[in-house]
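I opened a new notebook page for a structure I had not looked at before. My plan was to go from the whole chain down to single residues.

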Amino acid sequence: MTKFEVRAATEADLDAIAAVAIATGQVEEWSGSDPAYVTHLLAEGMVMVAESADGVTGFGATRRIGDGPGAVTMLCDLFVDPQVHGQGIGQALLAGLWEPGSPRMTFSSLHAHAVPVYTRAGLDAWWPLLYLGGNVRVLPRPDGWTVTTSAAALEAEWTGIDRTADHRAWAARPGGQPVIARRGTQPLAAGTVSGVGEEYGIAHLALSPAAGDGEAVDAVRAVLAALNPPDGRARVCLPAPHPATRPLLAAGWHVDFMDLFMATSPELLDPRRAVPSSALA
């Protein structure tokens, strides 16, 4: 067994964090090893590393989403070097990152062994997030919708069931932009879009309580149409079930892969809440 200690990370740990993420099989640009993202979390959240005599062997990061009794501690990333799995490093990192009794949420597609670690930490509720890829041009463009990629508009107008802090955090990722979609003058969806390579598309899109199933489908179509992706192809991240999933599949889109959303608070499992994944967003 390797002896290790858990401590707060600093910018001097960025290279070691990147090495751990890459050792788990992550693509550096899209894992928590991205320096701009980790720097953002160092300033706005909490990042901790597990260190042994051989150096950093694991790291984790959380953000506090919201204020007051509705606040949630969100686990953004958790990576442990495969050579030291099973030695309690992941559990020790979670103990240092998560406040006792605080509502928590996270995602797991990074590695299957993370699921029992999260379960032992009390996250026993989960539902899938589907990543679908397809051709935007085969989708009908809805009439009467406007789409704006503006952080100022999001801050000023969005009062949906998710929190603007979610969008700010994920829009800080490479190629990320906050987006708000309106039918007429009413904002009915907000989230984050990405414009990087194969990840071009919707990373996160949450609905206003005023949006019905029809608006949910049209909001996805409107945002995709506004992106105008290269070669017409894009990807979306949607919770399952989601009203837009079936129309996309009927239009020939396919499921690339699936994440699991895990939480300690059942009210977070509203299937209308599309939340970003730490694996892609």
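The entries below follow the order in which I looked things up.

**Entry 1: the whole chain.** I noted at the start that this is a predicted model. I counted the secondary structure and got eight helices and twelve strands. The chain has 281 residues, and 56% of them are buried. For the surface, I found that the chain exposes about 11,700 Å². Carbon and sulfur atoms supply 53% of that exposed area. I then took the contacts with a separation of 6 or more and asked what share comes from residues 24 or more positions apart. That share is 70%.

**Entry 2: strands β7, β8 and β9.** I looked up the pairing on each side of β8, which covers residues 176–183. Strand β7, residues 145–148, pairs with β8 in the antiparallel sense, and I found four bridges there. Within β8, Arg183 is the residue that stands opposite Trp145. Strand β9, residues 186–194, also runs antiparallel to β8, and eight bridges join the two. I checked one position: Pro178 has Thr192 in β9 as its bridge partner. Between β8 and β9 the hairpin has two residues, and Gly184 takes a positive phi near 70° there.

**Entry 3: the largest nonpolar core.** Which residues touch the most other members of this core? I found Ile202, Leu205, Val220, Leu224, Val236, Leu248 and Trp253, out of 29 residues in the core. The elements that give it two or more residues are β6 (125–135), β8, β9, β10 (201–207), α7 (213–227) and β11 (233–239). Helix α7 gives the most, with eight residues.

I then followed Trp253, setting aside its neighbours within four places in sequence. Its contacts include Leu132, Gly133, Gly134 and Asn135. Val136, Val138 and Leu139 are also in contact with Trp253. Further along the sequence, Trp253 contacts Leu224, Ala234, Arg235, Val236 and Leu248.

I also found a second, separate core of 17 residues. Val84, Leu94, Val117 and Met262 are among them.

**Entry 4: helix α2.** I turned last to α2, residues 35–44, where I listed Tyr37, Val38, His40 and Leu41 as buried. Why do the buried residues of α2 line one face of the helix? Seen down the axis of α2, they fall within an arc of 155°, so they line one face.

Technical notes:
Residues numbered from 1 in each chain as written. Predicted model: local features only at pLDDT ≥ 70, side-chain atom pairs only at ≥ 80, totals over all residues. Heavy atoms only, no water. Pairing = 2+ DSSP bridges. Buried < 20%, exposed > 50% of the residue type's maximum accessible area, 1.4 Å probe, protein only. Contact = heavy atoms within 4.5 Å. Areas by Shrake-Rupley, 256 points an atom, 1.4 Å probe, with all protein chains shown as cover. Core = buried A, V, L, I, M, F, W, Y, C linked by side-chain atoms within 4.5 Å. Arc of directions from axis to C-beta.
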